[in-house]
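These are my notebook entries on a structure I was asked to look through. I record each point in the order in which I looked it up.

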Amino acid sequence: METKLSNHRLLAKDFMRIRLRLFEYATSHSLEKLLQKTLDEVEILTQSSVGFYHFVERDQKTLSLQAWSTRTLKEFCKAEGKGMHYDIDQAGVWVDCLHQRRPVIHNDYASLPHKKGMPPGHAAVVRELVVPIMKDDWIVAILGVGNKPTDYTEKDIEIVSFLADVAWVIVEQKRLEIALSYEKEKLSVTLRSIGDGVIATDLKGRVVFINKVAETLSGWMQDEACGRPLSEVFHIINELTRERCESPFDKTLKANAIVELADHTILISRDGTERPIADSCAPVLDTKSELLGMVLVFRDQTKELTARRAVERQQQLLVAISRGQTRFIADNDPAGVFDDILSDLLALTDSEYGFIGEVLFSPEGQPYLKTYALTNIAWNKETREFYDQNAPNGLEFRNLKTLFGAALISGEPVIVNDPLHAPRRSGLPEGHPPVKTFLAIPIHLNGKLFAMAGMANRPGGYDKKLLDFLNPFLVSIAQLVEAFRHRAERKRSEDELRQYEHIVSSAKDMLALLDKDFVYLAANGAYLQAFAKTPDEMIGRTVTDVFGEAFFSTVVRPRAERCMAGEDIRYQDWFEFPATGRRYMDVAYSPHFGPDNEIRGFVVTARDITKIENLQAQLRQAQKIESVGRLAGGVAHDYNNALSAIIGFTEMAMTDLAPNDPNRENLDEVLKAAKRATEITRQLLAFARKQTIAPKVLDVNERVESMFNMLQRLIGEDIDLAWLPGKMLWPVKMDPSQVDQILINLCVNARDAIDGVGKVTIETTEITFDTTYCDDHAGFVSGDFVQLAVSDNGCGMDGETLDNIFEPFFTTKDVNKGTGLGLATVYGIVKQNNGFINVYSEPGKGTTFRIYLPRHQGKIVEIQDESPAEIPHSRGETVLIVEDDLQILKLARQILKGLGYTVLISGTPLEAIGLAEESAGEIHLLVTDVIMPEMNGRELSERLKAFYPDLKCIFMSGYTANVIAHHGVLDEGVQFIQKPFSRRDLAISVRKALDS
């Protein structure tokens with residue numbers, strides 16, 4: 001017995017020594033090394049040669065392998081798996097301790113029927129002891145040893161269990177140290193990188209830390225702020241009273257809890273900058289709950305408050321409108337309703353006093369004002385008594401020699417921000433409060449003057465921007481004035497309600513009233529029409545009954561619950577309506593108050609703003625295309641100059657070659673390539689609306705018919721080309737070649753959209769659009785038009801493609817099968833001729849392009865080709881060429897000299913004027929560039945006519961400037977040649993000008 005007791009004492013001493021050794025080891029080693037050291041100690045005490053330590057995940061289903069003893073790793077186990085996670089159900093017999101929740105000994109491992117074998121490289125196991133480590137009734141880890149020379153006993157369990165518990169205590173401590181270190185570092189980084197300002201103080205309120213944001217907002221740097229009182233670094237005042245606020249340190253010290261700043265707190269920086277801020281200050285306590293200091297967190301609210309105030313201002317307006325309408329439903333007294341509306345109006349405008357009244361007319365047609373609401377600004381006892389007696393029924397004001405009288409007479413708002421010098425000011429009675437600024441607004445409804453509102457003494461005065469903001473509220477005032485006017489004409493309450501319902505139901509805005517159980521009590525005609533419901537299908541039914549659970553739970557309920565808690569809701573979103581389709585709506589939810597001033601339900605107001613949204617999208621697209629057009633026009637101009645030289649000199653070179661010269665074929669290819677490039681630049685100019693055109697009054701049908709055979713050959717025999725002309729079309733005025741361009745580009749596009757056999761249809765008709773139709777159809781213009789439509793039954797286009805089809809170089813065709821300029825050219829031509837385009841297409845269902853060309857009041861002219869068959873030569877004339885591009889100058893001189901003309905050349909306008917002054921002979925023709933330094937071509941021609949009154953002129957350019965053309969249309973009789981030009985083009989133009 002004594003020997004056994006002695007052995008226990010020795011073992012206890014060993015345990016204490018090992019425990020101290022492990023704790024000391026943990027202070028300077030990692031968690032991984034600590035576990036390995038623990039396993040080494042367990043191996044020694046149990047005479048084992050294998051040791052392992054694994055964590056058990058919180059789910060009690062997963063193991064994470066963590067550590068083996070030093071000897072295991074070096075001598076016995078080379079298997080992979082360290083750090084792996086896998087299911088306990090996949091483990092071997094060594095997890096029996098987990099299933100049984102107690103230590104397990106396997107002294108005859110080989111005979112175990114449920115063992116699963118070892119992975120490659122693992123040591124053979126003879127016997128093993130595995131102990132579960134418990135924490136709060138959870139198994140958190142297991143510690144195992146193996147291959148003891150003799151059987152494991154209960155003593156071994158005691159040893160392993162003791163060291164497993166010691167190891168877990170140290171593991172938890174080590175994990176806590178790691179977590180604290182990480183959190184400390186994370187806190188430091190967070191405080192320095194956080195978007196809010198942070199200032200920390202010591203127990204006496206002196207600054208010990210200030211981050212970068214706080215430095216920026218306060219103007220104090222870290223080294224300057226540290227050691228100073230918080231109240232000096234963090235200087236805050238009340239925005240309204242301008243008095244200094246109590247230091248957050250003092251407030252937190254008194255409360256011994258987290259303290260937040262009151263609203264309207266302003267932080268004043270060292271440089272005097274003032275910023276609205278929000279902040280909180282919290283005490284910093286040690287582990288014994290002793291105060292160590294304070295930490296202050298604050299942020300700049302400038303942008304947030306600006307945005308919030310703008311939103312609040314809009315919400316305030318909508319709430320005021322909704323409140324007036326709601327009060328109207330519940331109250332028959334105009335004075336009470338308009339008193340509330342006037343209070344809202346004064347609040348919205350920051351005005352001191354004002355009035356709202358109905359505009360009436362005397363038998364002579366003279367307007368006068370009868371007030372519904374008037375601020376009590378009586379200036380003596382008599383006027384106060386008069387006011388109290390008459391104001392409830394409305395005071396009449398008939399003197400029009402006043403500021404508000406000017407608004408009554410003109411029907412236009414009157415803004416006076418300096419009333420003392422206003423010409424219509426009639427003076428104020430003695431004791432009347434001073435009028436510093438004044439605004440009178442006549443309110444119209446359906447084109448008729450219905451009401452007037454007036455305000456006075458707004459700080460900073462009144463302006464047009466405020467009028468625009470108030471407009472929806474003013475319209476609602478007019479509607480209510482009209483409604484009360486009708487009520488006054490009816491004595492019976494049923495008639496009064498019916499009249500109001502008529503006003504509400506005829507409003508364009510959608511209105512509905514629902515109770516707290518989401519049952520419809522009322523809905524106006526616009527609301528019922530949009531949802532394609534009758535009153536019987538909606539009134540008295542719940543939202544779920546009418547529209548289903550999905551609409552109720554996602555659209556109505558979340559907002560309605562907030563509304564019935566007293567919040568006014570407003571949002572904008574797309575809705576799909578059965579009657580009108582997809583519309584963009586501005587929606588407001590307002591509480592509906594009963595006579596007891598308790599919320600009885602809510603009012604839904606929805607306004608269709610689809611047109612505004614679509615116009616904004618259309619404007620963005622138009623601006624993008626206009627920008628690309630300006631770029632395209634500039635690029636085409638530069639290319640035209642280069643192409644003029646290439647074409648001209650190539651033609652000149654070919655005239656000097658023998659018919660069988662081998663270089664002729666090469667030069668011919670150069671000429672073909674240059675002419676293809678010329679066509680591309682002309683398409684760019686068409687898109688940019690800078691091509692030179694010669695409009696004529698023509699019949700579109702005749703032009704299509706003249707092109708029909710060519711179009712049939714163009715699209716091929718597999719495609720049926722149908723021509724459906726309208727009868728007796730109105731004439732249009734445009735360049736005939738532009739009609740050809742439109743037809744060719746649209747027919748080629750249609751052909752490419754058809755795979756194999758198909759059909760293309762060309763139609764014409766007359767059509768007229770009124771303003772009502774155009775209001776509902778974005779991009780349409782009112783007036784009389786000739787419609788030219790080209791349709792195909794090809795592949796069609798999706799929405800994304802339709803958004804880009806008119807952009808230059810956008811194409812869906814394969815490489816080398818399209819330039820992407822065809823539809824851009826069509827767009828430019830139509831816009832240049834004051835028309836517009838409408839495209840309808842669906843994937844797999846074909847495409848229709850409708851071109852609308854404005855009707856012209858004039859007679860159709862016959863179009864003839866005046867180009868001579870042969871190149872004409874000189875008849876002894878002298879030609880002066882002025883061009884600042886040297887290559888073009890040389891080319892034109894060489895061409896005209898070759899045709900027998902006497903040629904003078906100049907690179908600048910002033911040099912040309914000098915040549916004209918010094919020339920002994922007659923100069924018959926001026927050929928000049930349009931845009932040049934010193935002066936433009938038109939100005940030069942006018943200067944030279946002082947010397948040669950009969951001087952003929954030809955203008956040439958890569959694009960058309962306003963000095964020659966008005967919006968791209970040539971002045972009558974002006975001779976023009978477009979760059980690039982050929983030898984034949986120049987010869988014909990010169991001869992035509994000289995013979996004219």
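How many residues does H23 have, and how far does H23 reach from its first C-alpha to its last? I looked this up in the model, which is a predicted one. H23 has 18 residues and reaches 26 Å, close to the 26 Å expected at 1.5 Å a residue. I then checked how covered the helix is: 13 of the 18 residues of H23 are buried, and the helix is mostly covered.

**Entry: confidence**

I looked up the mean pLDDT of the protein and found 77. I noted that 76% of the residues reach 70 or more. Residues 491–497 stay under 50 in pLDDT, and for them the model has five contacts beyond four places in sequence. A further stretch, residues 686–690, is also below 50, and I recorded 25 contacts for it beyond near neighbours in sequence.

**Entry: nonpolar cores**

I asked which residues touch the most other members of the largest nonpolar core. The core has 37 residues, and Val700, Met734, Ile742, Leu743, Leu746, Ile762 and Ile851 are those with the most such contacts. I then listed the elements that give two or more residues to this core; among them are helix H22 (700–715), helix H23 (736–753) and helix H26 (822–832). The strands in that list include E26 (719–724), E28 (758–769), E29 (783–792) and E31 (847–854).

I followed isoleucine 762 further, leaving out residues up to four places away in sequence. Isoleucine 762 touches Val704 and Leu711, as well as Leu721, Ala722, Trp723 and Leu724. Leu743, Cys747, Leu788, Ala789 and Val790 are also touched by isoleucine 762. Apart from this core I found another, of 32 residues, which includes Leu514, Tyr520, Phe552 and Phe602.

I also looked at threonine 761, which is found in strand E28. Is threonine 761 buried or exposed? Its relative accessible area is 14%, so I entered threonine 761 as buried, the limit being under 20%. Beyond four places in sequence, threonine 761 touches Ala722, Leu724, Ala789, Val790 and Ser791.

**Entry: cysteines**

I searched for disulfides and found zero in the structure. I looked up two cysteines for burial: cysteine 281 is buried at a relative accessible area of 1%, and cysteine 563 is buried at 0%.

**Entry: salt bridges**

How many salt bridges does a search of the whole structure find? I recorded 24.

I took up glutamate 224 and arginine 270, whose closest N and O atoms are 3.0 Å apart in a salt bridge. This pair links distant parts of the chain, 46 residues apart: glutamate 224 belongs to helix H7 (residues 222–225), while arginine 270 sits in the loop between strand E11 (265–268) and strand E12 (274–285). Glutamate 224 is partly exposed at 32% relative accessibility, and arginine 270 is partly exposed at 45%.

I next looked up glutamate 274 and arginine 242, which form a salt bridge at 2.6 Å, N to O. This pair, too, links distant parts of the chain, here 32 residues apart, with glutamate 274 in strand E12 and arginine 242 in the loop between strand E9 (236–238) and helix H9 (248–255). I found glutamate 274 partly exposed at 37% relative accessibility and arginine 242 partly exposed at 45%.

The last pair I looked up was aspartate 995 with arginine 991, in a salt bridge at 3.0 Å, N to O. Both residues lie in helix H30 (residues 983–995), four residues apart, which is about one turn of the helix. An α-helix has 3.6 residues a turn, so residues three or four places apart point the same way. Aspartate 995 is partly exposed at 44% relative accessibility, whereas arginine 991 is buried at 6%. I noted that shared partners join Arg875, Glu877, Arg991 and Asp995 into one network of salt bridges.

**Entry: backbone**

I looked for positive phi values outside glycine. Most residues other than glycine have a negative phi. Phenylalanine 518 has a positive phi of about 65° and lies in the loop between strand E20 (510–515) and strand E21 (520–523). I found phenylalanine 518 buried, with a relative accessible area of 11%. Alanine 532 likewise has a positive phi, of about 55°, and is found in the loop between helix H16 (525–530) and helix H17 (535–538).

Conventions: Residues numbered from 1 in each chain as written. Predicted model: local features only at pLDDT ≥ 70, side-chain atom pairs only at ≥ 80, totals over all residues. Heavy atoms only, no water. Disulfide = S-S within 2.5 Å. Buried < 20%, exposed > 50% of the residue type's maximum accessible area, 1.4 Å probe, protein only. Core = buried A, V, L, I, M, F, W, Y, C linked by side-chain atoms within 4.5 Å. Contact = heavy atoms within 4.5 Å. Salt bridge = Lys/Arg side-chain N within 4 Å of Asp/Glu carboxyl O. pLDDT = per-residue confidence, 0-100. Expected span 1.5 Å × (residues − 1).
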